[in-house]
Amino acid sequence: AKNPVAAFQYYQKAASLNHPDALLNLGIMYANGEVPASKDIKTAMMYYRHAAKLGHPQALYYLALRYYNGFDVPTDPRAAVRYFKKASLLHHPDATFSLGYCYDVGVGVVGNEASAVKHYHQAVNLNSAKALNNLGLRYQIGAGVKQDAALGLNYFQKAAEKGNPTAMYNLGVCLEEGESCEKDSKLAAHWFHAAAKNNHRESLYRMATRYAKCKTISMSTTLAIKYLHEAAFQNHPDALYNLSVRYENGDGVEKDVKLSVKYCIEASRRGHADALFTLGIRYNNGYGLPKDSKMATVCFQRAADLHHPFALSELSYCYFLGDGVQADLHKAFDCCKKAAEMKNPDALYNLAYCYLNGYGTVQRSVEAATFFQAA
């Protein structure tokens, strides 16, 4: 039977004799607040550092992770890299992969593709599935290596077989789209499903969209909603917005405007352009939210910054009419022109109107005629 109190006491005795594993385990117990230890990050870090000084690779790796992610300590990427390097020299696979990733994205060190690839290969030799996946991505596009899509696919396959969810997803994408292999929708679905079972966010959403399009499975809509909720739980912006639309329209779920607004707000917080535009419309019309022209303009502006054509068109109206913002014909014209360049039909007509009357620009009848015709 488990006896954590006795284990804790023996760890303490072994730690007093500088036993690295005992020091590490005491650090873990204090970090997690495992009985009988109360949560004490300062004490946990003391034990981690002691074990690290004795050359314990896992202790070095744990210290690196804490500094990298700012877990209960101030974020310090340089310190993280320093500990990743020490653990990597002791052949710690995750530390070696993480060091490669730091070189890959330039965190804690100056970005260096050659060093990233070097450490990824070293991590692969230490059986790192994550390194296999990242090398697969690099060989697919030729980043820091000679492009070899077939080799990239092979790395995805190996990583997926080792249980890496991201590699499962990437392999599924290759199979579904026929990238460096023959299309195989059935096998793609297998890997998407396997990744989704591991709570891979993008795979959950991919499964939702596949079931939403499926016409042959009687429970397809129910399954689509299930996967949407699971992806939304992980804050997938498209899943959040998709649920918002479904609750708005009662599509596969019971119509619920309040829930629709909630999901729309959550999607907008994650930079979803359609969600921001929709919130703008809701604030403008007072539908599901209090009528607020200033908030509408803020939402339209944020969506416009993400190059949303309908938001640009609405923002043009706001500046033209001074609705929720100070009237400014020049800004109205600029927004209208950007939306028209994206072939927004209302913007094409309004741009013609601006040229015809010289609103925010020089009056130009020829351009007006051209855009009236395009509209």
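Contact here means heavy atoms within 4.5 Å, and the legends below describe close-up views of a predicted model.

**View 1. Surroundings of Asp274 in helix H16.** Asp274 is found in helix H16, which covers residues 273-285, and its relative accessibility of 34% places the residue in the partly exposed class. When residues up to four places away in sequence are left out, Asp274 touches Tyr241 and His308. Thr216 lies 58 residues from Asp274 along the chain, and the C-alpha atoms of these two residues are separated by 30 Å.

**View 2. The salt bridge between Arg138 and Asp104.** The closest N and O atoms of Arg138 and Asp104 are 2.7 Å apart, and this pair belongs to a structure that holds 11 salt bridges. Arg138 lies in helix H8 (residues 129-141) and Asp104 in helix H6 (residues 93-105), so the salt bridge ties together parts that are 34 residues apart in sequence. The two partners fall into separate accessibility classes, since Arg138 is buried with a relative accessible area of 6%, whereas Asp104 is partly exposed at 29%.

**View 3. Glu266 with Arg269 and Arg270.** The side chains of Arg269 and Glu266 meet in a salt bridge with an N to O distance of 2.9 Å. Both residues belong to helix H15 (residues 257-269), and because they are three residues apart there, about one helical turn separates them. Glu266 also forms a salt bridge with Arg270, for which the closest N and O atoms are 3.0 Å apart. Arg269 is exposed, with a relative accessible area of 58%, while Arg270 counts as partly exposed at 32%. Elsewhere, salt bridges that share partners join Asp104, Glu113 and Arg138 into one network.

**View 4. A nonpolar patch on the surface.** Tyr317, Phe320, Leu321, Leu329, Tyr349, Tyr353, Leu356 and Phe372 together make a nonpolar surface patch of about 720 Å². Helix H18 (309-321) and helix H20 (345-357) each supply at least two residues of this patch. Leu329, one of the patch residues, has its place in helix H19, which comprises residues 329-341. The relative accessible area of Leu329 is 36%, so this residue is partly exposed; that value also lies over the 30% that patch residues need.

**View 5. Cysteines outside any disulfide.** The structure holds zero disulfides. Cys354 is accordingly in no disulfide, and the nearest cysteine sulfur, that of Cys336, is 5.0 Å away, whereas a disulfide would need the two sulfur atoms within 2.5 Å. Cys354 counts as buried, with a relative accessibility of 6%. Cys102 is likewise classed as buried, at 1% relative accessibility.

**View 6. Helix H1 and the residue Asn18.** Helix H1 runs over residues 4-16 and has 13 residues. From its first C-alpha to its last, helix H1 reaches 18 Å, which is close to the 18 Å expected at 1.5 Å a residue. Just after H1, Asn18 takes a positive phi of about 60°.

Notes:
Residues are numbered from 1 along each chain as its sequence is written. This is a predicted model: local features need pLDDT of at least 70, side-chain atom pairs count only at pLDDT 80 or more; totals for chains, interfaces and linings use all residues. Side-chain values use heavy atoms; hydrogens and water are left out. Patches are made of residues with over 30% relative accessible area and no salt bridge: like charges are joined within 9 Å, nonpolar side chains (Val, Leu, Ile, Met, Phe, Trp, Tyr) within 5 Å. Accessible areas come from the Shrake-Rupley method with a 1.4 Å probe; for residues, only the protein chains shown count as cover. A salt bridge is a side-chain nitrogen of Lys or Arg within 4 Å of a carboxyl oxygen of Asp or Glu. Helices (H or I, at least four residues) and strands (E, at least two) are DSSP runs, numbered from the N terminus. Buried means under 20% relative accessible area, exposed over 50%, partly exposed in between (1.4 Å probe, protein chains only). The expected span of a helix is 1.5 Å times one less than its number of residues.
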